Each structure stands twice: as structure tokens, then as C-alpha cells.
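Here is a friendly walk through a protein chain, taken one neighbourhood at a time. Keep the structure open beside the text and follow along.

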Amino acid sequence: MKSIFCCLFLLLTLYSNGQFKVEKVDRASSDLPEDSPSLSPDGKRLIFLRSVTTEWPQLVYRQAFALDLSSPGQMPVALGIDSVYTASFGLDGESLFLSQRLVNEAGDRGGFYLARPMPQGWQKEDLKGRDGFSASYVSQVSGGSIYFFSADGAEGPGIYRAQWNGTHFEKPIWQGAQLSPAGTTAFGPYVCPDESAMLLTVYYEADGETGRTGIYRAERRADGWKVEQIPGMPYGWSFSLSPDGDTLYFTDGEDIYRLQAPSGDLPFACPKK
């Protein structure tokens, strides 16, 4: 059975009665941990990962599932993709960015792939082998470039961007200390398609899951990113925003949740044009 994750159920109950309406996606729930939700660009499908056990380190070897949000009675369908750590839709709504986390005593190793559906199954392209870097919690933006979390980037762990040049991803560029301050793990970004704003989780090692740790919104400025913590949001990561900007999906590492604001004034929405 799932363990109680930092009294999150009680916190979500409070948030549902206040600024935000938060509810668990029951059709994606089981007795095993679920993680890494990602919406298709049209908002009709949700993919997520489910662990095969609650034991470490097998906990991070997950199976991929898809949920048709336009069919209320349909249950998740296994995609036949196993042993992955994170997954997210590409811009085409079909291909998936996948990361692997291989845990061993000598240190973790990461894999990074692009999986495309084919008649005979999924065809995986080794992006780490091709482009020379690993990535997890990928958010692809207009034009094909990607933002992601890197645990072993050149500037240390944090948020990076890799430019798509039409044939491959170029060398990742660290997005700066505004997004990834010293003493933190900044990860799980969702980036607006025009790259004007970002939602991310910043975990302060000294604070644990309290205080400065939380959900942050960043706006791109001429001199870098302006970053502010969003008050009142439950702790989570791996964000995915609906095309209309009304609903945010995320995980707490145990279940998948959707979050809405009754006022319609969502602090995590992309800027209106």
C-alpha cells in the first residue's frame, strides 16, 4: 500500500477549500506510486509512469501508461515502455522523451531517449549517445528546443536548455542561478511554448519540504529570469498545463493530481497574448 507522503492528503484538503481546487486523478491511481504526468499538446491524453514496486532502488524503474481524458470511463492502457524514470510528450503529440536512472553502488547513470510509435512497437533513439548529454523532466517548446533537469550538467544540477538545430540538440546551456540557486535541486520544469515563463520545483536542501522549498514561477526578462515562489500551492513536481491554461497536472511521487483555481486567475498560467 502507498505510504502517507508528508501528510499531503490533509494539505490538499485544505487547498481545495481555499485558493486552489486540487483533486487526485483517480483513474491513474493504484496501490503503487505514480509519477511523471504529461499532457499531449491537444490536452486529450495523459501519460504517466507507475513503479513496479515500492522497494528501493527498483522504485525508480517505472512502466508507462496512457489515459484518454476524453473518455471518462476508460482506464489507463500500458504502453509497453518499461524501466523509465521520467516521460513527457514531444510537440507532435506522439513521440515521448524518456529518461532512465540506473542506480548502482558506483553512482547513478542516466539514459536519454526519444521513443516514436511504430507498427511493430516503440522505436527508441539514443539521444545521449547522439548528442552527448542526459536529461529528465523534459519540456519541449515551439521550434523544438527543450528545457530539462540535469543532475550532471557542466554547471552542476539544475535547469538547462538545449537548442534544436534541425538535426540534433546542441550543447545544453545552464539557465542560471536564478532558477537553480546553490544548495537546491531545481527540477520538473514546465515551460510555456513561447519560452516567456516557466513553472518549476525548487527543493532547498536546508529546508526540506518546508519554507523556501516549493513551486516557483519564472518570467523571462532581458537580464535573465525573474523567479517568485507561488504561495499556497501544494508541494509537487513534473508539471503539465492544459492548452487552455485552466488545469495543471502534477505529482507528489505517490499519485497524479489536477489543480484548478475557482477564480480562473491561475498564477501558473502562461501569459495571455
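## A run of strands: β14, β15 and β16

Strands β14 and β15 run antiparallel and are joined by six bridges. This is a predicted model, so please read every value here as computed from it. One pair to look for is A186 with V202, its bridge partner in β15. The two strands form a hairpin with five residues between them, and E195 takes a positive phi near 65° there.

On to the next pairing: β15 also pairs with strand β16 (residues 214-221), again in the antiparallel sense and over six bridges. Here M198 stands opposite A218 of β16. Is β15 mostly covered or mostly exposed? Mostly covered: seven of its eight residues are buried.

## The cavity beside β15

How many cavities of 30 Å³ or more does the structure hold? The count is one, and about 30 Å³ of space lies in the largest cavity. Its lining is made up of Y190, C192, A197, M198, L199, R217, F268 and A269. Strand β15 (residues 197-204) gives the most to this lining, with three residues.

By class, the lining of the largest cavity has seven nonpolar residues, one charged residue and no polar ones. M198 therefore turns up in two places in this account, since M198 lines the cavity and also faces A218 in β16.## A second hairpin: β2, β3 and β4

Strands β2 and β3 pair in the antiparallel sense over four bridges, with L39 standing opposite L46 in β3. They too form a hairpin with five residues between the strands. In the turn, G43 has a positive phi of about 75°.

On its other pairing, β3 runs antiparallel to strand β4 (residues 62-68), and seven bridges join them. R50 stands opposite Q63 of β4. How many of the seven residues of β3 (residues 45-51) are buried? Six are, which leaves this strand mostly covered.

## The second largest pocket

About 560 Å³ of space lies in the second largest pocket. Of the 35 residues that line it, L39, Y190, V191, P193 and L241 are the closest to its centre. Two of these names have come up before: L39 is the residue opposite L46, and Y190 is among those lining the largest cavity.

Which strands each supply at least two residues of this lining? They are β2 (34-39), β6, β10 (136-140), β14 (184-191) and β18 (237-241). By class, the lining has 19 nonpolar, 14 polar and two charged residues.

## Two open sheets of four strands

One open sheet has four strands in the order β6-β7-β8-β9, with antiparallel pairing. Its edge strands are β6 (86-89) and β9 (121-126), each pairing on one side only. From one strand to the next, the twist averages 25°. Within this sheet, six bridges join β8 (residues 109-118) to β9, and A115 stands opposite K124 in β9.

Another open sheet of four strands, also with antiparallel pairing, has the order β10-β11-β12-β13. Why is one side of β10 and of β13 (173-174) left without a neighbour in the sheet? Both stand at the edges and have a single partner strand each, so one side of each stays unpaired. Strand β12 (residues 158-162) is joined to β13 by two bridges, and the two run antiparallel. Y160 stands opposite W174 in β13.

## A buried glycine and the chain overall

G245 sits in the loop between β18 and β19 (248-251). G245 counts as buried because its relative accessible area is 9%, and the cut-off for buried is under 20%. G245 and P271 are 26 residues apart in sequence, and their C-alpha atoms are 9.4 Å apart in space.

Stepping back, the chain has two helices and 20 strands. Of its 273 residues, 48% count as buried. Among contacts between residues at least 6 apart in sequence, 44% join residues at least 24 apart.

Terms used:
Residues are numbered from 1 along each chain as its sequence is written. This is a predicted model: local features need pLDDT of at least 70, side-chain atom pairs count only at pLDDT 80 or more; totals for chains, interfaces and linings use all residues. Side-chain values use heavy atoms; hydrogens and water are left out. Two strands pair if DSSP finds at least two bridges between them. Axes are lines fitted to C-alpha atoms, for helices over the stretch in contact, and angles run from 0 to 180 degrees between N-to-C directions. On a 1 Å grid over the protein atoms alone, a cavity is a set of points where a 1.4 Å probe fits but cannot get out, and a pocket is an open set with protein on both sides within 12 Å along at least five of seven lines; lining residues have an atom within 4 Å of a point. Grid points are joined across faces, edges and corners, and a volume is the space filled by probe spheres set on the points. Ala, Val, Leu, Ile, Met, Phe, Trp, Tyr, Cys and Pro count as nonpolar, Asp, Glu, Lys and Arg as charged, and the others, Gly among them, as polar. Buried means under 20% relative accessible area, exposed over 50%, partly exposed in between (1.4 Å probe, protein chains only). Contact means heavy atoms within 4.5 Å.
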